[in-house]
Amino acid sequence: MQSIVETLEPNVPYRVRTRLGPLITRLGRTLGQPEYRLRDTEYVGTVQQPLDEFTETLQTHGFEWDPLAWYHQPSVGSDPNGSWAYRRALLADRQIHIILIAHSPEYIDVFAHEEYNWLRHPIKHLRQVGIKRKAGRNKMRQWIESHGIEVDVNSRRRRRVTDAVKDLRKYLESLIQ
C-alpha cells in the first residue's frame, strides 16, 4: 500500500525528486535558504475534502505539482503532503506557492505565499527574496471560495481553544443540572 505522499505526487517526478533530493538540497543550501517554517500569516485555512479530490481540483485549474518545493514545515510539525504552484504563464515573474498538510483523510490545512517563479528567477526564489505571505494567502483563499469549496479560516490553535471552551461549558452545565 502506498503512503499518502506517494499517492499524491505524480509518480515519475516524485521518484526523480526523491532520488535527486540530496543533490538538490546541497545545491539549495549553497545558493539559498531552502529550509523554513511556514508562518501563521501563510495559513489559508482548512479544507474538509479528501486530499486527492482537492489536488485534482488544483490540477484542473492550472496548478502544477512542484517537485522542487520540499522544505516547508508547518508549526504543528507535520510533513507537507503536497506542494503546488500556479503561474499565469510558464515564465511569469511570480507564482503562488501552495503547501498542503493532510491531518486526516478528510481535512487539509492549506498554506500559501506569493514568490518569484523558480523557473524564471531561481536564485531569488532560493534566497526567498520578495516573498509576499499575506498576499499569497489572500489570493489562495479567494480562489478556494470562488470555486465553491468551504474553507475554515480559523487556525488550529484557535479551533482547539474554541473546542476546549465549548467542552468546559458543557461540563459546567452538566454539573449545574
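At 8% relative accessibility, E114 counts as buried, since the cut-off for that class is under 20%. This and every other value here is computed from a predicted model. Although buried, E114 carries a charged side chain that takes part in a salt bridge with R94, at 2.8 Å from N to O. R94 belongs to strand 6, residues 94-104, and E114 to strand 7, so the bridge ties together parts that lie 20 residues apart in sequence. R94 has a relative accessibility of 19% and therefore also counts as buried, though the cut-off of 20% is not far off.

E114 has a second partner. The side chain of K139 meets that of E114 in a salt bridge of 2.6 Å, again N to O. Here the contact runs from helix 5 to strand 7, because K139 lies in the helix and E114 in the strand; the two parts are 25 residues apart in sequence. With a relative accessibility of 43%, K139 counts as partly exposed. The shared partner means that R94, E114 and K139 are joined by salt bridges into one network.

A search of the whole structure finds 4 salt bridges. Side chains of opposite charge can pair when their charged atoms come close. One of the bridges is formed by the side chains of E42 and R133, with N to O at 3.8 Å. This pair links distant parts of the chain: E42 sits in the loop between strand 1 (36-37) and strand 2, R133 sits in helix 5, and 91 residues separate them. E42 has a relative accessibility of 0% and so counts as buried. R133 is buried too, because its relative accessible area is 16%.

The aromatic residues come next. The structure holds 3 aromatic pairs. In one of them, the ring centres of Y43 and F111 are 5.5 Å apart and the planes stand at 65°, so the pair is edge-to-face. Y43 is in strand 2 (residues 43-47) and F111 in strand 7 (residues 107-116), and the pair links these distant parts of the chain across 68 residues. Both rings belong to buried residues, Y43 and F111.

F63 and W143 make another edge-to-face pair, with 5.0 Å from centre to centre and 75° between the planes. This pair, too, links distant parts of the chain: F63 is in the loop between helix 3 and strand 3 (64-65), while W143 is in helix 5 (residues 133-146), 80 residues apart. F63 and W143 are both buried. Together with Y86, these two residues form one aromatic cluster.

Helix 5 thus recurs in several of these contacts: K139 lies in it, R133 is placed there, and so is W143. Strand 7 recurs as well, with E114 and F111.

How do these elements fit into the whole chain? The secondary structure comes to 6 helices and 8 strands. Read from the N terminus, the order of elements is α-α-β-β-α-β-β-β-β-β-α-α-β-α. The protein chain has 177 residues, of which 40% count as buried.

One backbone detail stands just ahead of helix 5 in the chain order. Q128 is in the loop between helix 4 (122-126) and helix 5. The phi angle of Q128 is near 60°, a positive value in a residue other than glycine. Q128 counts as partly exposed, because its relative accessibility is 22%.

The surface has patches of two kinds. D52, E53, E56 and E106 form a negative patch. Of these residues, E56 is found in helix 3, residues 51-60. The relative accessible area of E56 is 53%, so this residue is exposed.

The other patch is nonpolar. L168, Y171, L172 and L175 make it, and its area is about 420 Å². L175 lies in helix 6, which covers residues 156-176. At 53% relative accessibility, L175 counts as exposed, because the class begins over 50%.

Definitions and conventions: Residues numbered from 1 in each chain as written. Predicted model: local features only at pLDDT ≥ 70, side-chain atom pairs only at ≥ 80, totals over all residues. Heavy atoms only, no water. Patch = residues over 30% accessible without salt bridge, like charges linked within 9 Å, V, L, I, M, F, W, Y side chains within 5 Å. Areas by Shrake-Rupley, 256 points an atom, 1.4 Å probe, with all protein chains shown as cover. Helix = DSSP H or I, 4+ residues; strand = E, 2+ residues; numbered from the N terminus. Buried < 20%, exposed > 50% of the residue type's maximum accessible area, 1.4 Å probe, protein only. Lys, Arg positive; Asp, Glu negative; His and termini not counted. Charge placed at Lys NZ, Arg CZ, Asp CG, Glu CD. Phe/Tyr/Trp six-rings, centres within 6.5 Å; stacked < 30°, edge-to-face > 60°.
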